[in-house]
Amino acid sequence: MTVQPDNVLDACGLPCPLPLLKAKQALARLEAGQLLEVKATDAGSWRDFETFAEQSEHVLEGREVRDDVYYYWLRKAGKANT
């Protein structure tokens, strides 16, 4: 996926559930509508991020695996200031 995130979180090496917890903290610092990219190496994060997006108003714009690294793109919920 080729996108320009507003913030990038490197959660590589962190065990479950830390990648998701760090992502929640990073989302809290973003403005509504901004995009967060998360990189993680924990295989359980694949399910965690999917479930989080289903249970929150944030949108999982995409996810992919490259060389054992999981990439997630989360769009913060809410209306962007225009």
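A residue counts as buried when its relative accessible area is under 20%, as exposed when that area is over 50%, and as partly exposed in between. The exercises below apply to a predicted model.

**Exercise 1. Burial and surface**

Task: State what percentage of the residues of the protein chain count as buried, and describe the accessible surface.

Solution.
- Step 1. With the cut-off above, 38% of the 82 residues of the protein chain count as buried.
- Step 2. The accessible surface of the chain is about 5,000 Å².
- Step 3. Carbon and sulfur atoms contribute 46% of that surface.

**Exercise 2. Overall fold and dimensions**

Task: Determine the order of helices and strands along the protein chain, and assess how compact the chain is.

Solution.
- Step 1. The protein chain contains 2 helices and 4 strands.
- Step 2. Along the sequence, these elements follow the pattern β-α-β-α-β-β.
- Step 3. The radius of gyration is 12 Å, close to the 12 Å given by the globule rule for 82 residues, so the chain is as compact as a globular protein of that length.
- Step 4. Along the principal axes, the C-alpha atoms fill a box of roughly 40 × 25 × 20 Å.
- Step 5. Among contacts with a separation of 6 or more, 66% join residues 24 or more positions apart.

**Exercise 3. The sheet**

Task: Establish the strand order of the sheet, identify its edge strands, and describe how strand 1 pairs with strand 2.

Solution.
- Step 1. The 4 strands form an open sheet with the order 1-2-4-3 and mixed pairing.
- Step 2. Strand 1 (7-11) and strand 3 (59-66) are the edge strands, since each of them pairs on one side only.
- Step 3. On average, neighbouring strands of this sheet are turned by 15° against each other, with direction ignored.
- Step 4. Strands of a sheet pair through backbone hydrogen bonds, in either a parallel or an antiparallel sense.
- Step 5. Strand 1 and strand 2 (residues 35-40) adopt the parallel sense, over 5 bridges.
- Step 6. Within this pairing, Val-8 has Glu-37 of strand 2 as its bridge partner.

**Exercise 4. The cysteines**

Task: Explain why Cys-12 forms no disulfide, and classify Cys-12 and Cys-16 as buried, partly exposed or exposed.

Solution.
- Step 1. A disulfide requires two cysteine sulfur atoms within 2.5 Å.
- Step 2. The closest cysteine sulfur to that of Cys-12 belongs to Cys-16 and lies 15 Å away, which is too far for a bond.
- Step 3. Cys-16 likewise takes part in no disulfide, and the structure holds 0 disulfides.
- Step 4. Cys-12 has a relative accessible area of 33% and is therefore partly exposed.
- Step 5. Cys-16, at 40% relative accessibility, also counts as partly exposed.

Notes:
Residues numbered from 1 in each chain as written. Predicted model: local features only at pLDDT ≥ 70, side-chain atom pairs only at ≥ 80, totals over all residues. Heavy atoms only, no water. Pairing = 2+ DSSP bridges. Axes fitted to C-alpha atoms, helices over the stretch in contact; angles between N-to-C directions. Buried < 20%, exposed > 50% of the residue type's maximum accessible area, 1.4 Å probe, protein only. Rg over C-alpha atoms; globule rule 2.2 N^0.38 Å. Contact = heavy atoms within 4.5 Å. Areas by Shrake-Rupley, 256 points an atom, 1.4 Å probe, with all protein chains shown as cover.
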